[in-house]
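The following exercises concern a single protein model. Each task is followed by a solution in steps.

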Amino acid sequence: MYMNENGKIWLATGKERVYLEPSMCNRHGLIAGATGTGKTVTLKVIAESFSDMGVPVFMADIKGDLTGMCKAGVENKHILRSIETMNIENFTYGSYPARFFDVYARNGHPVRTTVTEMGPELLARILELNDIQSGVLRIIFRIADDNGLLLLDLKDLKSMIQFVGDNASEFKLAYGNVSTASLGAIQRALLKLEDEGGEIFFGEPALELEDWFDWDEQGRGVMNILECKELFQHPMLYSTFLLWMLSELYEMLPEVGDVDKPKIAFFFDEAHLLFNDAPKALIEKIEQVIRLIRSKGVSVWFITQNPADVPESVLGQIGNRVQHALRAYTPNEQKALRYAAKSFRVNPDFDTETVLQELATGEALVSVLDEKGVPTVVERAGILPPRSSMNIADDTDIQQAIFTSPLRDKYMVIVDRESAYELLMSKFEEEQAAEEEARAQREDEKAELEKQKQETALDKERAKLEKEREKLEKEKEKLASKKRYSSYGYGTSRRRRSTSPVTKTINSAANTVGREIGKQLIRGIFGTLK
């Protein structure tokens, strides 16, 4: 619609028409301006133009007003005035092929990625970890990679943290120290992420960015619209998720060098969130991705309120700029105004800083790269009107688009294949079973030892009783022997009869005579034997 015979994109009209050079769009772009100055209209016009060229588009929809691109626009006085003042001929309204995505799976195809694909750097940013905690998270990922443990969802990561914590002493020499305090901080951050819906975001089937590269029957690029009204309530998750998408595009696409038109256009709304509280190392990586991804044929457009929201190192990679009105009531705003004005190539016909405060809604200061890659002199121009609807699409229209999408069946059913959680749980159960078996064996050995001790004690008791019995037998034999001896008159235990004094005297005399006879007899006998 907005391409002239030379194959350029007609974007705006001032004293002259302003065209975007398709071959220079992979030098990226910036759409800036205060709230309500027309940034969304500019985004839609550029996105529609890319689609008409056969370039697929990805857009983050924060307010919901991009959903209207699936419906044709309707006439209103603002559009009529633009058509008249810009001398637009044969203007027609039209809808665009749109597919809707939603992290929370309410107003679009579910969007998921795996913990492994996200990687420790971006995940640490989502979890808002400090340098030490981020280092521990990198160790956890490294151990998982080295042991072939896939981290697909948050339960995989939590089980991996537990595993590393339980075996920290074993990993210390190979990977470094893993403190309990850092592991605890990561676990607390994961709980917070779960409260924000992070468990929905991580899992399978993961989003395959190849699905963005599609066209309708007319050859127009598909509009891939991410519903972000709820996701935007969690700025860190929102910005990191879009950064992950951008890095995935970089990793996925081959080098193509200079191209006639982009392979895909990526619109990053509220871009300042990407850089807020980002550590220097992360900003350097973002700059690297922005600088190198142009050779992959990707056109990245940042949408923000003030160009100062984007670091200079990244802003230096941007060649196409559309600056809507800025308000300058405070000293900081006035400083930002001067900064924005100096970023343009001077037009001698007006003072850029003054005009920035005078621009009406729908007007902008525009500077783009020409076919040689040289920035054009800044022009004050009105942005062309979009062909699609400026209104928010009805839920019925969105659900119909989801239902008829060829991606519906692919992403609707959640898959939970074997990963770190299942493998570690299996290992834990095996260890528990082995420990239980070892415990049972120890109990059996203990019982057997106790049984042996008891048997030994019984044997000793039996031996003791046997000795006692033998002793009693001997005592019994002695008593029996004494009784036999007594029965022959040799015993000394005969009861004495009571005797009279006369008898005692006789007996005493007899005993004396007997002893004398005995002595003589013994002597006589011995004498005889001698």
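Buried means under 20% relative accessible area, exposed over 50%, and partly exposed in between (1.4 Å probe, protein chains only). This is a predicted model, in which local features need pLDDT of at least 70, side-chain atom pairs count only at pLDDT 80 or more, and totals for chains, interfaces and linings use all residues. Residues are numbered from 1 along each chain as its sequence is written, and side-chain values use heavy atoms, with hydrogens and water left out.

**Exercise 1.** Determine whether H28 is buried or exposed, and state the sign of its phi.

*Solution.* Begin with the location: H28 lies in the loop between β2 (17-20) and β3 (29-32). The relative accessible area of H28 is 0%, so H28 is buried. Finally, the phi of H28 is near 70°, a positive value in a residue other than glycine.

**Exercise 2.** Describe how the axes of helix α5 and helix α7 are arranged.

*Solution.* First, the axes of α5 (residues 154-166) and α7 (residues 180-195) come within 11 Å and cross at roughly 165°. Axes here are lines fitted to C-alpha atoms, for helices over the stretch in contact, with angles from 0 to 180 degrees between N-to-C directions. The two helices α5 and α7 are therefore roughly antiparallel (an angle over 145 degrees; under 35 is roughly parallel, 65 to 115 roughly perpendicular, the rest oblique). Next, the contact (heavy atoms within 4.5 Å) includes L154 and I161 of α5 and L183 and L190 of α7.

**Exercise 3.** State which peptide bond is cis at P205.

*Solution.* The bond from E204 to P205 is cis, with omega near 5°.

Terms used
Helices (H or I, at least four residues) and strands (E, at least two) are DSSP runs, numbered from the N terminus.
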